[in-house]
Amino acid sequence: MPAKVITITSGKGGVGKTTATANIAAALAALGAKVVCIDADIGLRNLDVVLGLENRIVYDLVDVVEGRCRLRQAMIRDKRLPELYLIPAAQTRDKSAVSPSDMVRLCDELRPEFDWIFIDSPAGIERGFRNAIAPADISIVITNPEVSAVRDADRIIGLIEAEEKGPARLIINRIKTDMVKKGDMLSAEDVLELLAVELLGLIPEDEGVIISTNRGVPVALDGKSRAGQAFRNIASRLNGEQVPFMELEEQSGFFGQISRFWRKGGG
Amino acid sequence: MTRILDRILNRQENSAYKAKERMKLILLHDRTNLNEKVLEVLKDELIGVISRHVEIDEKAVRIEISQQGREQRLIADIPIRAAGRRRIG
């Protein structure tokens, strides 16, 4: 079956596009799918570092588009997950080096060989975003429960609909349960009500994400991490499984165990 | 129990509640390019056009933006003065 192209975008920078791309792709590859990730953030490449593949780059996306190498030569194979590949962004060029039709052509060439093609969009609503969205079959918008991120997400959802790449599906990242409980952070329900799109996943704030990224290993491969579990759940949902959304109120760890015990005991 | 009561009473003081109320207005404005001022102008012009053809209760005219999902709609509620009652009332 030809690949589905998934573009992950957000409008605002720093909300977790690259982390989400790396982790959902890795989770799908771990389930046995053949996956390629394209870093469309030309000039600010980062997906290679998050995936721990930065030392193996020879050619990049712009080299492919400008014909300096064959597509195969720019594809880096992940040694941990042999069905996961990366096409890195160029670091020394800018977004105008690639056009939306280049991206469509590139994806059409990749489609027969893969199950999933992931495109990590740059922040913003300019050329880089249009490049990233052009070949998309599924558009994923990621946001944080924070006013500026939600506002930008709404804008991006509107643009995706205008480009007829909708309906966008939403991931809410970095939810701090204790702040939500205190009424000091928008809850997942609040964000969903404001943006009025279909929910794809909820990712709790988790220090494990930074630790994994330091090591260059996707957190989705860490069986103990809650964020990792949330990313694996998203992968399963993309595979068509009905996975219930995580109970974000439930705490993990020793204190979580105790509070669960008391709750059970107290009825 | 007191904590739950506290939470209900303090709800409107919550920063998350404030954020949500602000976001509702911001997103509505972003999506439609309409604000209170533009709505007022629109209302005055509508009253002008409609009163040329039918007598309306100008003070009771309401124009609102209604939202359903990601769709916005302008709703105008324009009460018409009944022709027969005009002289009696």
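**Reading a predicted two-chain model**

Author: Let us begin with P167(A), which sits in the loop between helix 7 and strand 7 (169-175) of chain A. Please keep in mind throughout that this is a predicted model.

Reader: What is the peptide bond from G166(A) to P167(A) like, and what is its omega?

Author: The angle to read for a peptide bond is omega, and for the bond that leads from G166(A) to P167(A) omega is near -5 degrees, so this bond is cis.

Reader: How many helices and strands does chain A have?

Author: Chain A has 12 helices and 8 strands. To judge how these are packed together, we can set the radius of gyration beside a rule for globules: chain A has a radius of gyration of 18 Å, close to the 18 Å that the globule rule gives for 267 residues, and therefore chain A is as compact as a globular protein of that length. Along its principal axes, the C-alpha trace of chain A spans about 65 × 40 × 35 Å.

Reader: What percentage of the residues in chain A is buried, and what percentage in chain B?

Author: For burial we count C-beta neighbours, and a residue is called buried if 20 or more other C-beta atoms lie within 10 Å of its own. By that count, buried residues make up 51% of the 267 residues in chain A, whereas in chain B they make up 3% of the 89 residues. Contacts can be read in a similar spirit, by asking how far apart in sequence the partners are. Among contacts in chain A between residues at least 6 apart in sequence, 74% join residues at least 24 apart, while in chain B residues 24 or more positions apart account for 36% of the contacts with a separation of 6 or more.

Reader: Which residues of the largest nonpolar core touch the most other members?

Author: That core has 87 residues, and those touching the most other members are A25(A), V35(A), L61(A), I117(A), F118(A) and F231(A). The largest share of this core, 8 residues, comes from helix 1 (residues 17-30) of chain A. Looking closely at one of the residues just named, and leaving out residues up to four places away in sequence, we find that F231(A) touches N23(A), I24(A), A27(A), I203(A), V219(A) and A220(A).

Reader: Is A123(A) buried or partly exposed?

Author: A123(A) has 19 other C-beta atoms within 10 Å, and therefore A123(A) is partly exposed. This residue belongs to the loop between strand 5 (116-120) and helix 6 (127-133) of chain A. When neighbours within four places in sequence are set aside, A123(A) is in contact with S10(A), G11(A), K12(A) and G13(A).

Reader: How should I read a positive phi, and where does A196(A) lie?

Author: We note the angle together with the residue type: A196(A) has a positive phi of about 50 degrees although it is not a glycine. A196(A) lies in the loop between helix 9 and strand 8 (198-204) of chain A, and because 15 C-beta neighbours are inside 10 Å, A196(A) counts as partly exposed. Chain B offers another case, since N33(B) has a positive phi of about 60 degrees and is not a glycine either. N33(B) lies in the loop between helix 2 and helix 3 (36-51) of chain B, and with 7 C-beta neighbours inside 10 Å it counts as exposed.

Reader: In what order do the elements of chain B run?

Author: Chain B contains 3 helices and 2 strands, and from the N terminus on the elements run α-α-α-β-β. The domain assignment of chain B gives domain 1 (1-33) and domain 2 (34-89), and the contact between them takes 5 residues from domain 1 and 4 residues from domain 2.

Reader: How many residues of chain A are in contact with chain B?

Author: At this interface, 14 residues of chain A are in contact with 16 residues of chain B. Helix 7 (147-162) and helix 9 (188-195) of chain A each supply at least two residues of the side of chain A that touches chain B, and helix 7 gives the most to that side, with 6 residues. By class, this side of chain A has 6 nonpolar, 3 polar and 5 charged residues.

Reader: Where in chain B is confidence lowest, and where is it highest?

Author: Confidence is read from pLDDT, and chain B averages a pLDDT of 86, with 80% of the residues scoring at least 70. Within chain B, confidence is lowest in helix 1 (residues 2-10), at a mean of 63, and highest in helix 2 (residues 15-32), at 94. The model scores ipTM 0.84 and pTM 0.87.

Terms used: Residues are numbered from 1 along each chain as its sequence is written. Chains are lettered from A and ligands numbered from 1 in the order in which they are written. This is a predicted model: local features need pLDDT of at least 70, side-chain atom pairs count only at pLDDT 80 or more; totals for chains, interfaces and linings use all residues. Helices (H or I, at least four residues) and strands (E, at least two) are DSSP runs, numbered from the N terminus. The radius of gyration is taken over C-alpha atoms; the globule rule is 2.2 Å times the number of residues to the power 0.38. A residue is buried if 20 or more other C-beta atoms lie within 10 Å of its own, exposed if 12 or fewer, and partly exposed in between; C-beta atoms are placed from the backbone. Two residues are in contact if their C-beta atoms, placed from the backbone, lie within 7 Å. Ala, Val, Leu, Ile, Met, Phe, Trp, Tyr, Cys and Pro count as nonpolar, Asp, Glu, Lys and Arg as charged, and the others, Gly among them, as polar. A nonpolar core is a set of buried Ala, Val, Leu, Ile, Met, Phe, Trp, Tyr and Cys residues joined through C-beta atoms within 7 Å. pLDDT is the predictor's confidence in each residue, from 0 to 100. Domain bounds come from an automatic or database domain assignment.
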